[in-house]
Structures are given as C-alpha cells and as structure tokens.
Amino acid sequence: MRDLRKVVITGLGAVSAYGLGADPLWRGLLAGRSCVAPASPTLEDLPAIPAFPASAIGAFSARDVLGKGLRGVCRESQLLLAATLFARRDAGLADGAVARDAEGVFAGTRWAGLEDYLHFHLERSIWGPEKVSPTRGPNTGFNAPASHVSIRHDLQGPNLTFASRSSASLDAIGHAADWIRKQRVKIVYAGGIESLSYPRARHLLAAGRPIAEAARPFDARRTGATPGEGAVIVVLEDAEHARARGARILAEVGAWAMAFEPAQPDRAARRVLRAAGPADAIFGSASGDRALDAWEAAAIAADHADVPVCAVKGAAGEWEGASGALQVLAATRALADRVVPPTAGFERLDPELPAIRVAGAARPGALASVAVVTLHGSGRASALALRAAP
Amino acid sequence: MTDREVVVTSRGVVVTSRGVVVTGLGVVTSVGHSVEAFWRALLAGAVGTGPARTIDLAGLRSDRAGEVHGFDAAPYFRRIAIAGHQRATQLAVAAARMAVDDAGVALDEVGERAGIVMGAVVANRPGLEAPYLALRGGAAVELSLDNHDVCLIAEAPAIELGLRGPVLVLPTACAAGNSAIGCAADLIADGHADVMLAGGVDELSPAMFVMFSQFDSLSPDVLRPFDRDRRGLILSEGAGVVVLESAAHAEARGARSYGRVAGHGNNADAHDMTHPHPDGLGAEVAMRAALSDAGLAAEQIDFVCAHGTGTPANDGIEARAIRRVLGERADRVPVTSIKSSLGHSQGAASAIEAVACLLAMRDGVVPPTMNIRTLDPECPIDVVMDRPRAQRIDVAVNNAFGFGGNISCVIFAR
C-alpha cells in the first residue's frame, strides 16, 4: 500500500481582464468589481461580429512578460505561459530547482486551438496548402497551451489537458492532486485557459441567449452570463516537499468528486458537494444564467443551505474551461486571507430560488474548509474541497 | 498490485485482489468494424489505407487515407438519437457500446460508480470547416458549436450507456487514447469509480492532412514503420474503447478478464511542438515510469506495441528508446506497429493498439508490421514483419507519442 501524501497549494498565477498576476484578479474579486467592456473578436477575412459586453483581456504584450522565443506560440499558449510564470514566482520556484521529471502541467480548456484550427483551414482554402503558416498547425490542438508550458519550463513530468466543459480546469487540479498523492510527481502546475475567440463569440450569437452587461448570479433580475477569458495556474505541491524548501503554504487540497446527471444537473451538483464534505463557504459556478443558477441553488439548498456562497463569475464573467481554476484561485486566497469575496451584481435572492446564503458584500472571518463546485447544463458537475493551511 | 483488500459489494464483504482489469473491448477501424474482424484482418496482414474516397486531398503530398467505409453507427444508438451527432461522436458511441456488450456488464446497476474517459486530437472539429468556408463566402450560416463540443465523445456514450460517474475528455494529441486509459485506471484505483470505459476516437480532418503535408510527413503509398526508406504516416479514422473494472468488481460478477492495467507513465518530451527529442528522452522516461508504476522490471517485458508512425523522425528515435529500456533483450522482444495496417488514427490510435495488446495476450500471438521492404539498421529492435509471431505474452507495453511532446505509455499484464 502506497503512502498517500498531502497536497498543498504554494503559488497562484493568472492573466485576466484585471491585469497580470493573481493579485489584481483577487483584488478585483474582493472589491466586487467587474471589468466589462465591449468586445468584438475578429478572424482574418471573416465578417465582423457586433460588439458585446465581455470580461476580456486588453492589450497583452507577451514579449514584455515572457521575453524572446515566442515565434509559433499562439495567444492562448502565451496566456497560459504567463500565468505559469507568475505562479512559479509566487511559489518561489525557479527553473531547474526541481528534478525535471518531478514537475508536470495539467490544463483545462473547452475550446483551445479551435480558432487556430479554423484559421489554418481557411488559409489553406484561400492561398493553397503550400502557403499556410507552418507554425499554426501544432497550435490547432487543445493540448498546445500545456505543451508549450512543458517545453518552455522544461517540465518532463506528466502533461495532460482536460476538456470537461466548465469543469475542465477543476478536474485538471483534482486529478493533479491525485498524481502527487501517489508520489509520481512533486509539483504540478494545474489550471486552465479559455480565450474569447471568434468561433466562441459566433457560438454565443448563434445560441441567441442574452449576454448581460452586468452578470447578477442568483439575483431576481439576472438575465444571463457575461462571457470572459483568462488563464490561471495553481501550484500544487507535495506537502513535505513544500515544507522542506520552506515554501509558504496557502491551502491544502482535499477531496475531488465528479458526477454526470444529464437530465438533472442539480442532482449532479448535490452529489459532488456531498462528496466534498463539510464547508465553511462554497465557491459556486453560478454565472447569472437563469437555469444554471437555479440548478446550483437547488443543490446548495439541499445540504448546505446555511453555508455562505460566493459566485466569482458575477465579477469575472464565464471563463468556461478556465472557470474552475478561477474559482480555486478565489477559494485559495479566501482561506489564506480569511475573507469570502462578495458576489458582484447580486442584490436580492431570486424569490423563485430556495433560500441560500449569497451576499453582495465581503464576509471577513477564518475559514477551516471550503468547497469549489463547477456545474454545466449538460448535467456535468465537479467539486474540490480545500482546507486552510495546517 | 497483489495486495489483498476487503471490499463490500452487492454480494457482501469479499476479500479480493486489488487492481484494475480489462473486461471488454470495442473497435471501429479501417480494417474491421468489430473486435474479431479487426483482429483477423491484422493477423492476416490486411492494409486498410488507400486513395481517399471521402475526403479531398488535392494538392497535398499524398492522396492516401485510412477510411472506415460502410460502417453504420445507427444500431449502436439504442437510447439516444443519432441525428446531429458528428462522425467522431458516432464512432465513440459505437465502440463504447461494443465494449460494454463484450464485457456483459449491467451498467444501469452501477450508474454513479461508472464513467468514461475519452481521448481525441480533433474529435468533432472537422464538421466546422465547411460552414466556416461558407461564412467567408458571405453565407448567413448558423455557427453554433453545440454539436462540436469535444465532450460529446464521452458524454454521448455516457448517456447512451447510463454512466453517471466521472465523464472526462483528455485531448492530449496522438497520445490521447493511452492517456485516457491511464487516467481511467487511476480513477478506479483512487476510488472514484468501479467501472470505467476508456479509449480514443478521431474522424478524418482535412486540416490535419494539410498540416502533415506541410511537414512532408505523409507517405505517398503505404505506411512503412521502421523501414529504411519510410516517408511518413497516413492519417486514418476510428475508435477504440476498453472496459476497465476494479478487480474486486470484476471478480464479484464473475467477469472474464483480458488482463490488467499494470501501470502507466505520462511524460512530456519538453523539447519541441513537432519534433521528438533526438534521443527519445521523453519516450524512455515514460516507459520507465510505467514500469515503476507497475512494479515490473524491464526484463519482464514480452512485447512492445510501438507508436511506429512510419515518419523519418519517430521510428528511429522510438526504436533506440526501446532498446535502451530493453537492453540486449531488444534483439528478441517482439515489437510491432499496427499503424502499417490501419494508418494513424490519431487520438484513437493508442486505444486501438491497447486492444491489440490485450488480444495478443489472449491468443499468444503478435500481429505483424506490414509494408517493410528493408528494415532500417538505425532501428535496432526485433520488428515482427509480414507474418504474425506465436509467443506467450504476460507483459505488453503500449507506446503513444503526440505533437506537443505528449507521451503516454501503458503496460498491460496477464
């Protein structure tokens, strides 16, 4: 029987509409401030998309953040590279400090590579197969961001990409912790990347759902989610390894659970929340979407009606494959800083929803454990428990 | 993996062996649309690649593809409607249903303790190519991504079969099938589920043909793994799915086992997006990690099912990595690449090769690598050429490498 080790979080990194690094993002969430502005993603030679409100990363100079060697590295990969760089700095880890096969990268995404895939295809049709940009090909895959991270940081440990809708990056973090517990690896840079791409924007238009200028999770006046983009990396580390190098420990990783209930998303969320165990706060998946918020509220009310709930998508928007990592970042800082951020946009609980404890203001106070839950209308839910640093 | 453990099952408290076993197989390939048809074709040396009939490859360096012709997925859709589902989703549902029928497991009774992990490279994306071209041409086209979400390759089989536990997708390039099997075995070992389906699927993607043509990595005639004059790969389509169960669950229901998932290794080459490390470091590290995970020694390896893409870059590097792991036994441990018969089915490839490993173990025979004219002296391994080789196999190593340096190695044992 193998000795299962504890797994801790020792660093956070992000790129978002709030700026570079985890700090500006956390400060924005804590202030309940959204960064919504009109966005209209473009793709060469394709018709313009009417601007819609979104939480988009503005000007991002990859060269300034990452330096040289970015030829052939697509934007999504650049964003995940930057998040990884910030997370390593935050954790006090330098290149070469750990054996190269003892560090891995797990990334969650729903649509990575799709814009490059379509661009590659269109270039071929316009100019012929010989004139397509040859560096674009390898960026057409979902795995490109995680693979670029492994190459740039020389991480020879495991390299996995997860695509389980809005649970993708939570599943990446949960599974990475299991890899560390089995002592296969000491450190995993786990997180997610989702960009506000042209095909994603087209999809939002085609779906015909209203896009909210200000998302209002759980609120009676909610009309829909605000699309967002971002990259987040959480440094997961073997607890003994972290202690031995004197690392600052932000939180400890607990149970991970997944459920799939295609006809009853609320049941899926209830199952995973139960499996995550007792929690002093829940970092939920509610986005301001009428149906999603109702399913989540029903699941929380069933067993956790008295637990404070925070929906970070009210401020940051819907990051799809990267949203689980965004929620974990918020939950980790909440444990470390002893405060639950407000749910931006929330004023009054929708009277049609069961009674749950959502607040429009921050709640200071020590937390022993929290649960992060991701939910999608497909009936997919995941949860991850986090505990305060020992 | 020989530890005894006490497990509570529907039959009460049972003392049983720990571990994850394979109890069902399903494939759809260019050489056969069922497990037995596929296996007969492989042993007979069938080659399923040829001039493409369903996809336009004009202007590229090769017109060859490994297409699945005449396959009707509709009979495998018994609960959900097939309408609207892209080809990759259809192939996934068919292979998953086939594997579950083979395992004879009543999944509705397992429900929350059953799930699926699927791998892919492009999955449902090719169906977006035509609408996007139409959009560029000025057409007013609906461009919903609903039927193109990669998750459908796992969710559609899950709904069809009543799986309500972990439902994951690992799009880890051409290592995806093995990645999925390794992940699913872990999920059982870690207590997330008792039964997991795992595999890979891909449909043909015009964009992928263009990419490999640009890299001059397409073979103009057939795929010749380990051949001195190999020119490249031939892309193909298909699906492979295996049913994994905890040994306790399989024993409790008296299931037949094809073998166990002894261990796996997943590593990044951490070198380049398209070129493998010149010394095959990632491949070697992954094989050794898989051996370590399995608690096995290199001396115990009886068979290596190679990634063997027939590209100049892969095969020599892989062969030398295998040799470093096997040592002088590399002169007599059989190695084969069934991509010579099937073509390279991308995310499905290593899942289909896993099925070949398990059948090789069942029947004591290694399927041949076809199309070799002159074995490359730079590939110092024992390639099984032209005809199957009878050999008892207790431990089989399945290699898979992908763009981005994604490497996954799975070991199956009797």
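In this predicted model, chain B splits into two domains: domain 1 spans 20-259 and domain 2 spans 262-413. Their C-alpha centres lie 20 Å apart. The two domains touch: 61 residues of domain 1 of chain B are in contact with 62 residues of domain 2 of chain B. On the domain 1 side, strands E3, E8 and E9 of chain B each supply at least two residues, and so do helices H1 and H6 of chain B. H6(B) gives the most, with eight residues.

Chain B also meets chain A. Here 55 residues of chain A are in contact with 56 residues of chain B. Several elements of chain A each supply at least two residues to this side, among them helices H4, H5, H6 and H7. H4(A) provides the largest share, eight residues.

The table gives the make-up of two of these contact sides by residue class.

| Side | Nonpolar | Polar | Charged |
|---|---|---|---|
| Chain A, touching chain B | 27 residues | 18 residues | 10 residues |
| Domain 1 of chain B, touching domain 2 of chain B | 33 residues | 21 residues | seven residues |

**Helix H4 of chain A**

H4(A) has 14 residues and reaches 20 Å from its first C-alpha to its last. That is close to the 20 Å expected at 1.5 Å a residue. Of its 14 residues, 10 are buried, so the helix is largely enclosed by the rest of the structure. The buried residues include Leu114(A), Tyr117(A), Phe120(A) and Leu122(A). Charged names appear in the buried list too: Glu115(A), Asp116(A) and Arg124(A) are among them. What do the buried residues of H4(A) pack against? Their partners are H7 of chain A, plus helices H4 and H7 of chain B. After the helix comes Gly128(A), whose phi is positive, near 95°.

**Strand E16 of chain B**

E16(B) runs over residues 395-402, and eight of its eight residues are buried. Both faces are covered. One side carries Val395(B), Val397(B), Asn399(B) and Phe401(B). The other carries Ala396(B), Asn398(B), Ala400(B) and Gly402(B).

Which way do the neighbouring strands run, parallel or antiparallel? Strand E11 of chain B runs parallel to E16(B), joined by three bridges. In that pair, Val304(B) stands opposite Val397(B). Strand E17 of chain B runs antiparallel to E16(B), joined by eight bridges. There, Ala400(B) stands opposite Ser408(B). E16(B) and E17(B) form a hairpin with three residues between the strands. In this hairpin, Gly404(B) takes a positive phi near 85°.

Technical notes. Residues numbered from 1 in each chain as written. Chains lettered and ligands numbered in written order. Predicted model: local features only at pLDDT ≥ 70, side-chain atom pairs only at ≥ 80, totals over all residues. Contact = placed C-beta atoms within 7 Å. Helix = DSSP H or I, 4+ residues; strand = E, 2+ residues; numbered from the N terminus. Domains from an automatic or database assignment. Expected span 1.5 Å × (residues − 1). Buried ≥ 20, exposed ≤ 12 C-beta atoms within 10 Å, placed from the backbone. Pairing = 2+ DSSP bridges.
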